[in-house]
Amino acid sequence: MAAVEIRKVETKDQLKAFIEFHYDLYKGNEYDAPNLYSDDVNTLSKDKNAAFEFCEAEYYMAYKDGKLCGRVAAIINHKANERWQQKAVRFGWIDFVDDIEVSSALFNAVEDFGRKKGMQVMIGPLGFTDFDPEGMLTKGFDQLGTMATIYNYPYYPEHMEKLGGWQKDNDYVEYKIFVPEKVPEKMTKISEMIMKRYNLKVRTLTKKEIFDGGMGHKIFALINETFKDLYGFSHLSDKQIDQYVGMYLPLADLNLIPVVEDWSTDEHKLVGVGITIPSLSRALQKCRRGRLLPFGWWHLLRALKFHKTNIVDLEMIGVLPEYRSKGVNALMFYHLIPWYNKYGIEWGESQVEMETNENVQSQWSYFETVNHKRRRCYKKVIGNAQEG
């Protein structure tokens with residue numbers, strides 16, 4: 001039996017092969033929502049991704065019988081390690097054929113990298129930051145994936161069990177949230193009450209406010225404060241914020257990104273934001289090997305601008321801790337539901353939520369929901385000492 005050969009990515013051509021392996025492995029799969037090739041290049045390139053200010057990474061490919069059959073990224077986020085008092089190497093961009101020798105060799109490459117850097121645990125799937133997909137799918141293999149999450153074949157978690165040494169580090173749940181035909185009466189009463197009682201206002205921003213008035217930066221500063229205590233989160237730098245504002249907001253439908261402000265303060269303090277976008281999953285499937293040309297751009301534009309989809313992705317809902325008990329979440333959906341109805345949106349994807357985060361899950365109490373996916377981040381001790 002041929003041995004597995006691990007090759008480190010060192011050239012642009014090798015990085016291209018690393019990225020394109022996913023398209024080959026999932027060719028024709030009806031559930032996978034592949035990344036855009038350009039997005040992966042920008043994320044994985046040290047001269048393009050602002051996260052490399054505090055991260056280091058190596059990428060590996062597995063070959064057997066001369067054929068590419070797996071890939072993985074080994075990432076150390078030094079800022080997150082300092083924040084969470086751990087010495088962890090992350091694995092991400094993990095893909096492999098159904099061959100235990102291949103998956104074993106890939107994880108061994110990450111472990112060797114981590115050990116050389118003095119790391120004590122290996123965790124993942126995780127990316128550089130929370131803005132990269134995280135968590136291996138363990139339930140919902142017959143459900144459409146999303147741009148912001150990982151889709152993987154059912155044999156992936158089976159390999160984790162067979163390889164041994166891996167344990168649960170964190171589990172996520174995801175929900176289908178069905179859009180009602182009108183704003184629920186209870187939500188209407190609560191929203192109107194909290195706007196009056198707390199002098200809160202929900203509104204949409206203009207492009208000028210976002211790019212010239214600094215509101216784009218304020219949105220991500222609020223996300224820093226909102227998510228600072230969540231699993232694996234690392235504080236976004238100013239350079240990262242600039243990068244994400246330029247990446248996510250230029251083509252966004254601002255009707256689907258409400259903000260909530262506290263008008264009892266002189267500066268009309270930003271206290272909540274809901275970033276939601278029409279699902280791009282089917283459009284991404286039509287982008288040949290993740291390319292925008294020749295016609296991929298048209299499929300994405302149809303979804304983003306002409307709302308040629310009945311699904312919305314609830315990318316992130318952020319509310320400052322001191323306002324969470326004031327019904328700000330309900331206020332954002334009070335704004336959003338009429339827009340979803342206008343655009344023909346039938347249901348939304350909640351994206352990943354920690355299974356223990358009851359506060360987040362309680363915001364769906366107004367809606368009919370189905371828990372249709374689960375995913376897991378795994379942990380393996382690779383050093384002599386335990387975490388921390």
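**Helix 12 and its surroundings**

In this predicted model, the buried residues of helix 12 pack against helix 6 (185-198) and against four strands: strand 8 (200-203), strand 9 (259-262), strand 10 (269-278) and strand 11 (311-319). Buried positions in helix 12 include V328, N329, A330, L331, M332 and F333. Further along the helix, H335, L336, I337, Y340 and Y343 are buried too.

The course of helix 12 itself is worth following. Its 16 residues, 328-343, reach 23 Å from the first C-alpha to the last, close to the 22 Å expected at 1.5 Å a residue. Helix 12 nevertheless bends by about 30 degrees at L336, and a proline, P338, follows within four residues. Just after helix 12 comes G344, which takes a positive phi of about 75 degrees.

A second helix packing can be traced elsewhere in the chain. Two packed helices are described by the angle between their axes and the distance between the axes. For helix 4 (residues 100-116) and helix 5 (residues 155-163), the axes come within 10 Å and cross at roughly 75 degrees. Because angles of 65 to 115 degrees count as roughly perpendicular, this description fits helix 4 and helix 5. Where they meet, helix 4 contributes I100, S103, S104 and F107, while helix 5 contributes H159, M160, K162 and L163.

Finally, the cysteines. A disulfide is a covalent bond between the sulfur atoms of two cysteines. With a cut-off of 2.5 Å between cysteine sulfur atoms, the model has 0 disulfides. C55, for example, is in no disulfide, and the nearest cysteine sulfur, that of C377, is 15 Å away. C55 counts as buried because its relative accessibility is 6%, under the 20% limit. C69, at 7% relative accessibility, counts as buried as well.

Notes. Residues are numbered from 1 along each chain as its sequence is written. This is a predicted model: local features need pLDDT of at least 70, side-chain atom pairs count only at pLDDT 80 or more; totals for chains, interfaces and linings use all residues. Side-chain values use heavy atoms; hydrogens and water are left out. Buried means under 20% relative accessible area, exposed over 50%, partly exposed in between (1.4 Å probe, protein chains only). Helices (H or I, at least four residues) and strands (E, at least two) are DSSP runs, numbered from the N terminus. The expected span of a helix is 1.5 Å times one less than its number of residues. The bend at a residue is the angle between axes fitted to the seven residues ending there and the seven starting there. Contact means heavy atoms within 4.5 Å. Axes are lines fitted to C-alpha atoms, for helices over the stretch in contact, and angles run from 0 to 180 degrees between N-to-C directions. Angles under 35 degrees count as roughly parallel, over 145 as roughly antiparallel, 65 to 115 as roughly perpendicular and the rest as oblique.
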